[in-house]
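Work through the exercises below with the sequence and the model open side by side. Try each task before reading its solution.

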Amino acid sequence: MIGIKLTDSPVRLEKGCLVPGDGDRNKTIAAGILSAHNTSGNDSALKIRFDGMASHDITFVGIIQTARASGMERFPMPYVLTCCHNSLCAVGGTINADDHAFGLSAAKKYGGIFVPPHAAVIHQFMREKMAGCGKMLLGSDSHTRYGALGSLGVGEGGPELAKQLVGMTYDIDAPGIVAVRLTGSPRPGVGPQDVAIALVGAVFANGFVKNKILEFSGPGIASLPMDFRLGIDVMTTETTCLSSVWETDETVREWLAIHGRENEYSRLTVPEGAGYCSAVEIDLSAIEPMIALPFHPSNAYTISEFLSAPGDLLRQAELKGEELGVKCRLTDKVRDGRVYVDQGIIAGCAGGLYDNICAAADIIGSAPAAGANGFALNVYPASMPVYSQLMKNGAAVSLLSSGAVMKTAFCGPCFGAGDVPSNGGLSIRHSTRNFPSREGAKPGEGQSAAVALMDARSIAATAAAGGVLTAACSEVTPRPYFFDGSAYAARVCDRAGNPEEGAELVFGPNITDWPVLPELPENIVLKFASVIFDPVTTTDELIPSGETSSFRSNPLRLAEFALSRKDPAYVGRAKAVAAMNAADVLGEYGISDDGCGLASAVFARKPGDGSAREQAASCQRVLGGGANVAVEYATKRYRSNLINWGMLPLRLTDPADAADFAVGRCVYIRGIREAVINGAREIPALLLGENGFRREITLTVDGITDEEKDIILAGSLIGYYRKRLKGAN
């Protein structure tokens, strides 16, 4: 990738430059923050307690229900509950509003912070009100990133937040720390999304930063306004890194002071001799306006490169879509050598920032933000304070006058619950992801659309060109920002650390408790209800977003959607396995084991890329799932979700064994409970199939902590806590 250099060997900071060789890892900013939050006394095996947490209205009900079932009596730290995903209350009607009523009542009862619909998206509220230098913050959303403000933000599945609520820790081996050295300054027309897309394109496919922490430093940082830094930072999630943190300076101090929190500032710098496992060097002056074509943020090209051969590159995207089960005509967007798009969206924690929207208003100017082909531009400021300032400085009026539509803070365009394009549509978005169906289409019903990611500046240039895809190239004039928190003062319920005496939870008819989940048996037979050979399986494919979001508080109803876009027959097969008897299944293969347990399972080569949503695992579990088998797991957070829901995160020791997996085949494991107790690295198993097929394979459960073992043995995090409480009594 032009402007980006990767060094896959240790480096250290010496005289302001990265040089080859080992340095002192403990001198890094990230190591210092981790150490300050570690309770284990061992900087290699971390047990982290966070300073605060955040969840949105797709996740907070399940988290609170899990913690409540595990004995939680109050929130032990500031916990922010935002209504930014189901805020429209359009799909499912009162079901979503019931979740909001539950969240408000939980904030009162347990001492939390409730942010009502349309006030702010989750990460903008956390930036404005919670993130600070040296903090660690945990969120049940994969884009939990506050590194540009000096905070280590970690996005995980809901059970990890439930653990914090009941006194447990976030357990992880010390992650690798990667130096990200910034030099130069952005050229006119280049925005944060352009830098982010270039970075993701350089490091995603090769796993260069997977499960590591990115530490940004270098003279290039000084050239970046705060919103530019935040826009790059939030997109680091798409690299599959664990977290990120930046050096801080006067720009950070001024930003925090504007938000009334100058006391949260401290200077974070990388000292001489700091050591890193590897490095990414980015020359900001070499980055051009970028586009990430469907169907992944790493499908990255410069816009000039794309426009030199749009038909060929769109055809490649079509073929990739067909591999993923999405048939979408993209080449017909090319007419007379130009690319016409149908829709532009600037939204969410990545796009809806103040500077992005001001830049879009300047670039569009007096031109109409629409085209004869029906192109439409929709803009979602990330919070009401941002919206308020856009109204005061005239940017909102300018955009409205151009024909753009200004909407309230909402995450829907990022996960398929807002501004869904028409069949065959191509939407360009400054948002976080462009996975298949992430825009809300339903390929299984013959309705397909696609998203390409671009920066707000190039989206605005495209709008000004009537929907003809165009790279931004003009300078924009920065507009000062003044934070007005009156909208929060009027509507946010802040009971952090101060529960309301006598407050009770408010339930709706669709808010249900988790079903009882069985403990891990001594022996187990796993019957495969789905087998997926795609190179990567995203959480959106394991449990779709969009229309399913109304049922997030009802585990059994939500489970009906599991794998519905990738393998529609999965739910029926899983239910059929749940109705079977283990002895009968084994009897088909001439094996007698009356004490064996039975569960369904999913095989996928590399499952769990993308979102942190725990339901990707919990839906399998409530349908009777007992394990995933994989060649590798795409993210730590998905593997953690499996463990926290009592499922075995099994991995093949020989990837070639994958060729013998098929729907309906079984894996029989004797002594699985003992293997987990003993932390066995190699687990012998029998792969059983039709017509007498039988062969020995070896599985593994990569290093799990003692607490994780106990969770798997107890069948879930809830079961683990019930056993602990029973023992305490």
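**Exercise 1. Which residue meets Asp-702 in a salt bridge, and what does the pair tie together?**

Step 1. Apply the cut-off: a salt bridge needs a side-chain nitrogen of Lys or Arg within 4 Å of a carboxyl oxygen of Asp or Glu. The side chain of Asp-702 meets that of Arg-681, at 3.8 Å from N to O.

Step 2. Place both residues. Asp-702 lies in the loop between strand S34 (694-700) and helix H25 (706-714), and Arg-681 in the loop between helix H24 (672-677) and strand S33 (683-688), so the pair ties together parts that are 21 residues apart in sequence. Helices (H or I, at least four residues) and strands (E, at least two) are DSSP runs, numbered from the N terminus.

Step 3. Check accessibility. Asp-702 has a relative accessible area of 22%, so it is partly exposed. The scale: buried is under 20% relative accessible area, exposed is over 50%, and partly exposed is in between (1.4 Å probe, protein chains only).

A note on the source: this is a predicted model, where local features need pLDDT of at least 70 and side-chain atom pairs count only at pLDDT 80 or more, while totals for chains, interfaces and linings use all residues. Residues are numbered from 1 along each chain as its sequence is written, and side-chain values use heavy atoms, with hydrogens and water left out.

**Exercise 2. Place the salt bridges of Arg-433 and Arg-253.**

Step 1. Start with the total: the structure holds 34 salt bridges.

Step 2. Take Arg-433. Its partner is Glu-238, with the closest N and O atoms 2.9 Å apart. Arg-433 sits in the loop between strands S23 (426-430) and S24 (450-453), and Glu-238 in the loop between helix H7 (226-234) and strand S13 (243-246), so the pair ties together parts 195 residues apart in sequence. Both residues, Arg-433 and Glu-238, are buried.

Step 3. Take Arg-253. It pairs with Glu-250, the closest N and O atoms being 2.8 Å apart. Both lie in helix H8 (residues 250-258), three residues apart, about one turn of the helix. Arg-253 is partly exposed at 22%, and Glu-250 is partly exposed at 42%.

Step 4. Look for a network. Lys-135, Arg-261 and Glu-264 are linked in one.

**Exercise 3. How many disulfides are there?**

Step 1. Set the rule: a disulfide is a pair of cysteine sulfur atoms within 2.5 Å. The count comes to zero.

Step 2. Test Cys-83. The closest cysteine sulfur, in Cys-84, is 7.7 Å away, which is too far for a bond. Cys-83 is buried, at 0%.

Step 3. Test Cys-277. Its nearest cysteine sulfur, that of Cys-241, is 12 Å away, and Cys-277 is in no disulfide. Cys-277 is partly exposed, at 29% relative accessibility.

**Exercise 4. Describe what helix H13 (residues 384-393) packs against.**

Step 1. List the buried residues of H13: Pro-385, Val-386, Tyr-387, Gln-389 and Leu-390.

Step 2. Find their neighbours, with contact meaning heavy atoms within 4.5 Å. These residues pack against helix H4 (122-129), H12, H14, strand S22 (405-406) and helix H17 (486-491).

Step 3. Look past the end of the helix. Gly-394 follows H13 and has a positive phi, near 90 degrees.

Step 4. Turn to two of those neighbours. Residues of H12 that meet H14 include Ile-357, Cys-358 and Ala-361. On the H14 side, Ala-395 and Leu-399 are among them.
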